[in-house]
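Open the model in your viewer and keep the selection panel at hand. We will go from the whole chain down to single residue pairs.

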Amino acid sequence: MTVPNNLLHPFAYPAKSESEFVNVVSGEGAVITDDTGKQYIDGMASLWYCQVGHGRRPIIEAIQKQADKLTTYNVFDPFTNEAAREVAALIAEKSPFDDPRVFLGCSGSEAVDSALKIARIVQQRRGHSGKQIIVRRTHGYHGTNFGGTSAQGIALNREGWGDLVPHFLEVPNNNIEELSKVFAEHGSNIAAVISEPVQGAGGVWPPEDGYLQGMRKLCDQHNALLIFDEVICGFGRTGSWFGAQTFGVTPDLMTFAKGVSSGYVPLSGVIVGDSVAQEMAAESDFLFRHGYTYSGHPLSSAAGVANIKLIESEGLIDRANHVGKKTVEGLDALVADGIVKGYRGVGAMWAADIGRDAIPVRNDMLTRGVIARGVGEAVIWCPPLIVEDEQVGQFVETLASSLAAV
Ligand SMILES: Cc1ncc(COP(=O)(O)O)c(C=O)c1O
């Protein structure tokens, strides 16, 4: 049977034939199955997002119920819908803010671009017309729209597209002195700093002690807004609802996506903290001229509501810490045996430092039925929060076997 070759895959070589891809046909819990019947432990929760695991009936049924009632309608002025209202209220309740506003989209990239634009317009409306610079961190990943591409601290992802968005400055990762120097030099022109609480796609880099606090302080001193990109960290990944709570630092704006719906239907957005939200609503003639056709989509909103309730009822926020404990036990043993150099991570997102190119090891693990990710010299593990202890053990054993084999 010939396989049609029309699908252009993201982050893939267009020259690669469609028949070489793993054709995923089903998923249950933390396991997926391909079209040959081979099973894999989903050690990346698909792409850092499937907190509750695959095939969960409460979410599937909530989507079906919503589809039967109202499958689609927009929330541009003058329209709204119950599902969008409810998911916004639930997200607000879990956030570190008292009474925030929640803007909705579909992808993390949309969330990032929305947050960047909100930060810029707030500064413009404050009369700070020169405040346009967005500070980004090395290793940061903020999606692939033009805004997010410009905000990325992964140089290869920024190269080759021609001119990106102007007014971005990069600071080396986890270095508060360098950030403070950038503020000393450009403070009056800085609109915002964008940072993941734990950098994810760049290789799982937790913040050094006090770094996010220092970042908050510098933003306050220079009237810059702090944007936390919680697209990976949000909804339990770091052992709290948001990374902001894990590290005890409250930003002005927070992006979210991925875990908010466990990816059952694409959902994302920006949580606008109380003070910025109040500022935006202070003048009745200010029109927020931004939005997406699918903002507040009833199906994604219904999926989000059911997913957040499931995370809560199954105690998956605490479970992330348990997954972390089990992962650390396994990785400690590999370090003691000299099999891996070290590891880093928080909650249920970990990177094992193997001291050499991780891609061949990742590929070998795939043939052994464990999905991990390779970034530089790190093998990454970010499983669904419902992953069983035995499956954590299988990840660790497979990592050891693949390191021995490759
Ligand atoms: C921190 C962060 N921000 C933004 C994005 C972009 O999200 P999306 O791929 O849904 O556009 C990602 C995706 O991995 C991410 O990890």
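How many residues of domain 1 are in contact with domain 2, and how many of domain 2 with domain 1? Keep that in mind while you set up the view. This is a predicted model.

**Whole chain**

Show the cartoon first. The chain holds 14 helices and 14 strands. Its radius of gyration is 21 Å, close to the 22 Å from the globule rule for 406 residues, so the chain is as compact as a globular protein of that length. Turn to the principal axes: the C-alpha trace spans about 60 × 55 × 45 Å along them. Now switch on the surface. About 18200 Å² is exposed, and carbon and sulfur atoms supply 51% of that area. Of the 406 residues, 53% are buried. A contact map is useful here too. Take the contacts between residues at least 6 apart in sequence: 71% of them join residues at least 24 apart.

**Two domains**

Colour 18-56 and 315-405 together as domain 1, then 59-313 as domain 2. Their C-alpha centres lie 27 Å apart. Select the residues where they touch, and the opening question is settled: 30 residues of domain 1 are in contact with 33 residues of domain 2.

**The seven-stranded sheet**

Go to the open sheet with the order β4-β10-β9-β8-β7-β5-β6. Seven strands form it, and their pairing is mixed. Select 101-105 for β4 and 168-171 for β6: these are the edge strands, each pairing on one side only. Neighbouring strands here are turned by 20° against each other on average, direction ignored.

Next, pick 133-137 and 190-195. These are β5 and β7, which run parallel and are joined by three bridges. Within this pair, I134 stands opposite A192.

Move to β9, residues 253-256. On one side is β8 (225-229), paired with β9 in the parallel sense over three bridges. Look for F228 in this pair; it stands opposite M254. β10 (268-272) is another partner of β9, this time antiparallel, over four bridges. There, G269 is the bridge partner of F256.

Show side chains on β9. Which residues point one way from β9, and which the other? L253 and T255 go one way, M254 and F256 the other, and all are buried. Such alternation between the two faces of the sheet is what side chains do in a regular strand.

Add 82-94, helix α3. This helix lies across β4, β9 and β10, and runs at about 125° to β4.

**The four-stranded sheet**

Now select the strands β11-β12-β14-β13, in that order. They form an open sheet with antiparallel pairing. The edge strands, each paired on one side only, are β11 (342-346) and β13 (373-375). On average, neighbouring strands of this sheet are turned by 25° against each other, direction ignored.

Zoom in on β11 and β12 (349-353). They pair in the antiparallel sense over five bridges. Here G345 stands opposite W350.

Finish with two helices. Select 316-336: α12 lies across β11, β12 and β14 (378-381), at about 170° to β11. Then select 389-405: α14 lies across β12 and β14, at about 165° to β14.

Key: Residues numbered from 1 in each chain as written. Predicted model: local features only at pLDDT ≥ 70, side-chain atom pairs only at ≥ 80, totals over all residues. Heavy atoms only, no water. Pairing = 2+ DSSP bridges. Axes fitted to C-alpha atoms, helices over the stretch in contact; angles between N-to-C directions. Contact = heavy atoms within 4.5 Å. Rg over C-alpha atoms; globule rule 2.2 N^0.38 Å. Buried < 20%, exposed > 50% of the residue type's maximum accessible area, 1.4 Å probe, protein only. Areas by Shrake-Rupley, 256 points an atom, 1.4 Å probe, with all protein chains shown as cover. Domains from an automatic or database assignment.
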